[in-house]
Amino acid sequence: MEKWPPWLIGMVQVHHLFRLNLGGNLFRAPIGDSPQEVLDIGTGTGIWAIDFAEWPRWVPPNVKFEVDDAESDWSFPPNHFDFIHARTMGGSISDLDKLLAQCYKHLKPGGWLELDEVDTLARSDDGSLTPQHALSQWIAYLNEASMKAGRRLDIARTYKAAIEKTGFVDVRDDIYKNPVGTWPKEKRLKEIGQWGTLSTLEGLEAYSLALLTRVLGWDRARIEVMLTEVRKDISDRKIHWYFNM
Ligand SMILES: C[S@@+](CC[C@H](N)C(=O)[O-])C[C@H]1O[C@@H](n2cnc3c(N)ncnc32)[C@H](O)[C@@H]1O
């Protein structure tokens, strides 16, 4: 059997993680139960789009994949979509205002936009994670590199203001604490924590290599040394860390 690359496994795990956080659902927007035209920007594996297509009882031929740059001018008609969804696009978008303006233009009046994102900041409420931990430093380096590359990873915290500025109304920012590790006592959070660990470990290299070598000029050996320490922190039950979703 062909072996899946870690980044692909990570993407599937992140899909599951979002669903766990959303109580099994695929989205939060109150879109009703019969949206006709739906766009998933940066669909990746297409796993969200395929699951979504099954949800409103569409038949699979109703899902069409297009390879294009979401940041170029869209050829869709204006006032076309009932729902536009994009998930984990941090690190991919160079001009958020332009992307949002296109979403606004191509949504029908009364249509919905939902952006689901991981906030790239490792947090703890009890001080068990410090800025000195390799984990904190790793994320800080990634954020710095992505900023330098003009496609910021920590885009989640900029969304609400940018969306409001575009002219959207009824804007809501729902924040979920996503623990990583088996440290939470509550069963549901422990399960989320286990999936969080898996997906973070699988995604470590995919998120690190290009940014740290091409943008910050590190060599592979330096990255490996840091990632070894980061892996230890991720699996350390004494560190009660989480990120916001
Ligand atoms: C982290 S993945 C997320 C995939 C998917 N949204 C999910 O949550 O499972 C980011 C995806 O965005 C795509 N992407 C990045 N920049 C893009 C662009 N300018 N236009 C279209 N897709 C883009 C990448 O190819 C990748 O598949």
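A molecule sits in a pocket if more than half of its atoms lie within 2 Å of that pocket's grid points. Keep that test in mind as you move around this predicted model, because it fixes the place to begin: the ligand sits in the largest pocket.

**Stop 1: the ligand and its shell**

Select the ligand, then show what surrounds it. On one stretch of numbering you will find G42, T43 and G44, and further along D68, D69 and A70. Add R87, T88, M89 and S92, then finish the shell with M11 and Y207. How do these shell residues divide by class? There are 4 nonpolar, 5 polar and 3 charged residues.

**Stop 2: polar contacts**

Now look at the nitrogen atoms of the ligand. Which residue offers a polar side-chain atom here? That is D69, with such an atom 2.7 Å from a ligand nitrogen. Next, display the backbone of G42, where a polar atom is 2.8 Å from a nitrogen of the ligand. Then do likewise for A70: a backbone N or O atom of this residue lies 2.8 Å from a ligand nitrogen. Switch on a surface while you are here: the ligand taken alone exposes 590 Å², and the protein buries 74% of that.

**Stop 3: the largest pocket**

Zoom out to the pocket that holds the ligand. Its space comes to about 1,200 Å³. The lining has 45 residues, and those closest to the pocket centre are V14, T88, G90, L153 and Y207. T88 and Y207 will be familiar, as they also belong to the shell around the ligand.

To see the walls, colour the elements that give two or more residues to this lining: helices α1 (6–21), α2 (47–54), α4 (134–148) and α6 (187–215), with strands β1 (38–41) and β2 (81–87). Which element supplies the largest share? Pick α6, which contributes 8 residues. By class, the lining of the largest pocket divides into 24 nonpolar, 16 polar and 5 charged residues.

**Stop 4: the second largest pocket**

Move on to the second largest pocket, with about 990 Å³ of space. Select L113, E114, L115, I163 and R172 to find the residues closest to its centre, out of 38 that line it. Then show α1, β3 (107–116) and α5 (156–166), each of which supplies at least two lining residues. β3 gives the most, with 10 residues. Colour this lining by class and you get 20 nonpolar, 5 polar and 13 charged residues.

One last selection: α1, which gives residues to the lining of the largest pocket and to that of the second largest pocket.

Key: Residues are numbered from 1 along each chain as its sequence is written. This is a predicted model: local features need pLDDT of at least 70, side-chain atom pairs count only at pLDDT 80 or more; totals for chains, interfaces and linings use all residues. Side-chain values use heavy atoms; hydrogens and water are left out. A residue is near a molecule or strand if one of its heavy atoms lies within 4 Å of it. A polar contact is a pair of N or O atoms within 3.5 Å; within protein, one must be able to donate a hydrogen and the other to accept it, and residues adjacent in sequence count only if both atoms are side-chain atoms. Accessible areas come from the Shrake-Rupley method with a 1.4 Å probe; for residues, only the protein chains shown count as cover. On a 1 Å grid over the protein atoms alone, a cavity is a set of points where a 1.4 Å probe fits but cannot get out, and a pocket is an open set with protein on both sides within 12 Å along at least five of seven lines; lining residues have an atom within 4 Å of a point. Ala, Val, Leu, Ile, Met, Phe, Trp, Tyr, Cys and Pro count as nonpolar, Asp, Glu, Lys and Arg as charged, and the others, Gly among them, as polar. Grid points are joined across faces, edges and corners, and a volume is the space filled by probe spheres set on the points. Helices (H or I, at least four residues) and strands (E, at least two) are DSSP runs, numbered from the N terminus.
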